[in-house]
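The exercises below ask the reader to work from the coordinates to a careful account of charged side chains and their surroundings. Each task is followed by a solution that goes step by step.

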Amino acid sequence: MRTGRTDGRKRRWRQHKIDRREELVDGTLAAIRTRGSNAGMDEIAAEIGVSKTVLYRYFSDKNDLVHATMQRFIETTLMPRVYEAISLDADEYHLVRSALAAYVGTVDEDPEVYRFIMGNGSTDQSSLAEFEKLFADVVTTVIIDRGAEHGFRTEGALLWSYVLVGGIQLATHWWTTDKAMSREEVIDYLTMMAWSAIEGMARAGGSRAIFNAQPHILPDPPQTGA
């Protein structure tokens, strides 16, 4: 009986730590939105209304807090919006555009949080890799499902997905630091690139042999003002 009571207390303590960490991460997200992406542990603790000692009781260092904040933002904000976009009952072009709009829009609407988790130099690369894998797996599933409907070969789906996800993530990250374009322009250009790549895969039926046998000549641009 003593062992059972001890195990029960341990389980309750572990659950308490998990719940408390989540509360502190949610508080960190709110603090970053208020204080900005450069906020330190003192500012975050003050905004949440706890001491810095409390933060270090639940997070080993700032990297640990950034890692947990990244996971929370991806799981509760970014990926749900991407999932919603790719679940639309729409043709392939509009799925591509809606997914890109969801990703770019989420980053643009929460810039301080994005900079905190992606651009402060302490980002856990393993956490970033987990996100990229998750995003690539989602894109792969869509490519395989839609490709099967059209009779395309999809052996290259995972590789294509990593190229698309990596390019989109890097381009969006650059845009957050150099707002030379509007959000709509970014979405247009990313859609142009991504859709052109997908259209090219479809034209070759997903086959390397067919692609390699095709002529590869840049077309003349359309005549404007005609």
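Helices (H or I, at least four residues) and strands (E, at least two) are DSSP runs, numbered from the N terminus. The model is a predicted one, in which local features need pLDDT of at least 70 and side-chain atom pairs count only at pLDDT 80 or more, while totals for chains, interfaces and linings use all residues. Residues are numbered from 1 along each chain as its sequence is written, and side-chain values use heavy atoms, with hydrogens and water left out.

**Exercise 1.** Place Trp195 in its helix, classify its accessibility, and relate Trp195 to Ala101.

Step 1: Trp195 belongs to helix α9, which comprises residues 183-203.
Step 2: The classes are buried (under 20% relative accessible area), exposed (over 50%) and partly exposed in between, with a 1.4 Å probe and protein chains only. With 23% relative accessibility, Trp195 is therefore partly exposed.
Step 3: Between the C-alpha atoms of Trp195 and Ala101 there are 13 Å, although 94 residues separate the two along the chain.

**Exercise 2.** Decide whether Arg97 is buried or exposed, and find the side chain with which Arg97 shares a polar contact.

Step 1: Arg97 is part of helix α5, residues 92-109.
Step 2: Its relative accessibility of 19% makes Arg97 buried.
Step 3: A polar contact is a pair of N or O atoms within 3.5 Å; within protein, one must be able to donate a hydrogen and the other to accept it, and residues adjacent in sequence count only if both atoms are side-chain atoms. The side chain of Arg97 makes such a contact, of 2.6 Å, with the side chain of Asp188.

**Exercise 3.** Establish how many salt bridges the whole structure holds, and describe the pairs Glu47 with Arg35, Arg81 with Glu109, and Arg115 with Glu112.

Step 1: A salt bridge requires a side-chain nitrogen of Lys or Arg within 4 Å of a carboxyl oxygen of Asp or Glu. By that criterion the whole structure contains 18 salt bridges.
Step 2: One of them joins the side chains of Glu47 and Arg35, at 2.8 Å from N to O. Because Glu47 is in helix α2 (residues 41-48) and Arg35 in helix α1, this pair ties together parts twelve residues apart in sequence. Both partners are partly exposed, Glu47 at 34% and Arg35 at 38%.
Step 3: Arg81 and Glu109 also meet through their side chains, with 2.9 Å from N to O. Arg81 lies in helix α4 (residues 62-86) and Glu109 in helix α5, so the bridge connects parts that are 28 residues apart in sequence. Arg81 and Glu109 further belong to a salt-bridge network that includes Asp108, Lys179 and Arg183.
Step 4: In the pair of Arg115 and Glu112, the closest N and O atoms are 3.2 Å apart. Here both residues lie in helix α6 (residues 111-118), three residues apart, or about one turn of the helix.

**Exercise 4.** Locate Arg12 and Arg14, and compare their accessibility classes.

Step 1: Arg12 is in helix α1, residues 2-35, and Arg14 is also found in helix α1.
Step 2: Arg12 is exposed at 55% relative accessibility, whereas Arg14, at 48%, is partly exposed.
Step 3: The C-alpha atom of Arg14 is separated by 52 Å from that of Gly205, which is 191 residues away along the chain.
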